[in-house]
Amino acid sequence: MSKQYETVIGLEVHVELATKTKIFCSCSTAFGSAPNTHTCPVCTGMPGSLPVLNKQVVEYAMAVGVATNCQINQYSKFDRKNYFYPDNPQNYQISQLYLPICHDGGIEIETENGKKTIGIHEIHMEEDAGKLVHDDWEEVSLVDYNRSGVPLIEIVSEPDMRSAEEVIAYLDKLRMIIQYLGASDCKMQEGSMRADVNLSVREVGAKEFGTRTEMKNIGSFKAIARAIEAETARQIDLIESGEKVVQETRRWNDEQGYSYAMRSKEDAQDYRYFPEPDLVPIVISDEWLQQVKDNQPELRDEKLKRYQEEFGLPEYDAQILTSVKKLADVFEATTELCKKPKKVSNWLMGETMRLLKEHDMDPEDIKFSPINLAKVIELTEAGTINSSVAKDVFEKVFSEDIDPDKYVEEKGLKTVNDEGALRETIEKIIQDNPQSVEDYRNGKEKAIGFLVGQTMKAMKGKANPGMVNKILKELL
Amino acid sequence: MANVISDETMGYVGILAKLELSEEEKQAAKKDMESMLDYIDKLNELDTSKVEPMSHVFPVKNVFREDVVENGDGGEATLANAPEKRDRAFVVPKTVDQ
């Protein structure tokens, strides 16, 4: 390949909002119910039904807009996007085309070459569609409208990204902002965050964009990275062999690692948008906008700074703790209780992360109470239990959220600080291990480690290691 | 009649509307659509450059619901009209994008 190419990427990110009810009716948004449980005439498109907008949807959309430095359209409207598909009972989706609620924003990401701003063209509100389950044996599909009418925001970026790494950084940043706002849990694997990738290639230095393709609904960061790589290569191949890139929608098959064109000419993308007559305009007063701004919680970048300044944590700790809101919440609640930020940080970054990995869990799945982690820290700091016992106790806290005070008491895990008993044990260890004793006396410092180990074993792990060391040295 | 709808446009509108029209129906629909466009063209007789596009007849704004669940299990009512159902779901001809 003689020519140098550049990939140009823009994203459309759909985020399911964390409201209790759907966008236009008071059906529940709860996940995992039997098909069509959460349905009513509105979300199944019955003639004559009237949609009424959920106020919380507007507030979440505004909050995300403010947090991504967007302008808020204080006069906003809904439009109908017309298309036929069985997941869409009305034969149109209520969305926003002409006056979306937010526009012209952007967020900063970290790249190899420093900070870079990715522009946000607009954010609009819309409704989700139902779910189709395809029957493996018969030529039928089953339709479940529980998701029909669940509120979404679609965040449309500018074509500002140039690599899969930038795309991931942008998505990650968006995810964190929205999670911190509490506007969505943004779980890609559960479909509450989905991305469509618009991609074109051009020769480095070219001013015009190439013809772009769109890849729909890619479900994980890894799949997005793979899809971008494959689509870039496919388009460069076409150009190099003198063919043209066709503007089309493609579906990425992550298992097979290739994409295919999705829509035929029969399914022309002509949505014939028109203003939604059933919904009145949204007028956002200065006061309302100010109220949303005043209620913005502390976001990740601010926390990152504060953890270093207020708690004196290293940047590395602060980065990890703030990377998922749940971790930051547990950190703050636990620190509030025990006032030992660095210890809390160590427990979260060390043992907690290790156990999460071992159980194949995400930080969002943490179930233990901050008070119980605080107790483990206090028991350890007070010397009531030693660090290896503490790890065992914490494992119980992690899996069953037990009360460490009670558990240590009941299981008799307290460190033996009774010097007399310890001295007796150590004397016996010295008697039983003359070789190690001799080695130590001949200058082999390491030999003492073996004797400490033997003592701990004899004490079933409950001895205070500092004290064991001290007595051993004394007796030797 | 000033507006003319081509056969091509007619075919395209048919595809979008998922309608299969007979030749007679096509000609009739064409005539209807042409006269509708002519009717709308009357607006061009007026200067509307200073008029805001109107999407609603009534001066109403900000009609909201609070985010409170009020609807219970609507499954049975929803499926009452289903021509075919199975496992509490509508049965439709297989739809796969490929």
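**Note on the two-chain model: sheets and the A–B contact**

1. A:Ile9 stands opposite A:Leu199 in strand S12(A). This is a predicted model. The pair belongs to a long run of bridges: S1 of chain A (residues 5-16) and S12 of chain A (residues 193-203) are antiparallel and share 11 bridges.

2. S12(A) has another partner in S13 of chain A (residues 213-218). That pairing is also antiparallel, with four bridges. Here A:Ala195 faces A:Ile218 of S13(A).

3. Now the sheet that spans both chains. Four strands make an open sheet, ordered S9(A)-S10(A)-S3(B)-S2(B). Pairing in this sheet is antiparallel. The edges are S9 of chain A (131-134) and S2 of chain B (85-86). Each has a single partner strand, so one side of each lacks a neighbour in the sheet.

4. On the chain A side of that sheet, S9(A) and S10(A) are linked by four bridges and run antiparallel. Within this pairing, A:His134 lies opposite A:Ser141 of S10(A).

5. The step between chains comes at S10 of chain A (residues 140-144) and S3(B). They run antiparallel and are joined by four bridges. A:Leu142 sits opposite B:Val91 of S3(B).

6. How many residues does each chain bring to the contact? Chain A gives 42 and chain B gives 34. On the chain B side, four elements supply at least two residues each: helix H1 (7-16), strand S1 (64-65), helix H3 (75-79) and strand S3 (89-93). S3(B) provides the largest share, five residues. S3(B) is also the strand bridged to S10 of chain A.

7. What is the chemical make-up of the chain B side that touches chain A? By class there are 14 nonpolar residues, 12 charged and eight polar.

8. Chain B itself holds three helices and three strands. Along the sequence they follow the pattern α-α-β-α-β-β.

9. Is chain B compact or extended by its overall dimensions? Its radius of gyration is 22 Å, whereas a compact globule of 98 residues would have one near 13 Å. Along the principal axes, the C-alpha atoms of chain B fill a box of roughly 55 × 45 × 25 Å. Buried residues account for 6% of the 98 residues in chain B.

Methods:
Residues are numbered from 1 along each chain as its sequence is written. Chains are lettered from A and ligands numbered from 1 in the order in which they are written. This is a predicted model: local features need pLDDT of at least 70, side-chain atom pairs count only at pLDDT 80 or more; totals for chains, interfaces and linings use all residues. Two residues are in contact if their C-beta atoms, placed from the backbone, lie within 7 Å. Ala, Val, Leu, Ile, Met, Phe, Trp, Tyr, Cys and Pro count as nonpolar, Asp, Glu, Lys and Arg as charged, and the others, Gly among them, as polar. Two strands pair if DSSP finds at least two bridges between them. The radius of gyration is taken over C-alpha atoms; the globule rule is 2.2 Å times the number of residues to the power 0.38. A residue is buried if 20 or more other C-beta atoms lie within 10 Å of its own, exposed if 12 or fewer, and partly exposed in between; C-beta atoms are placed from the backbone.
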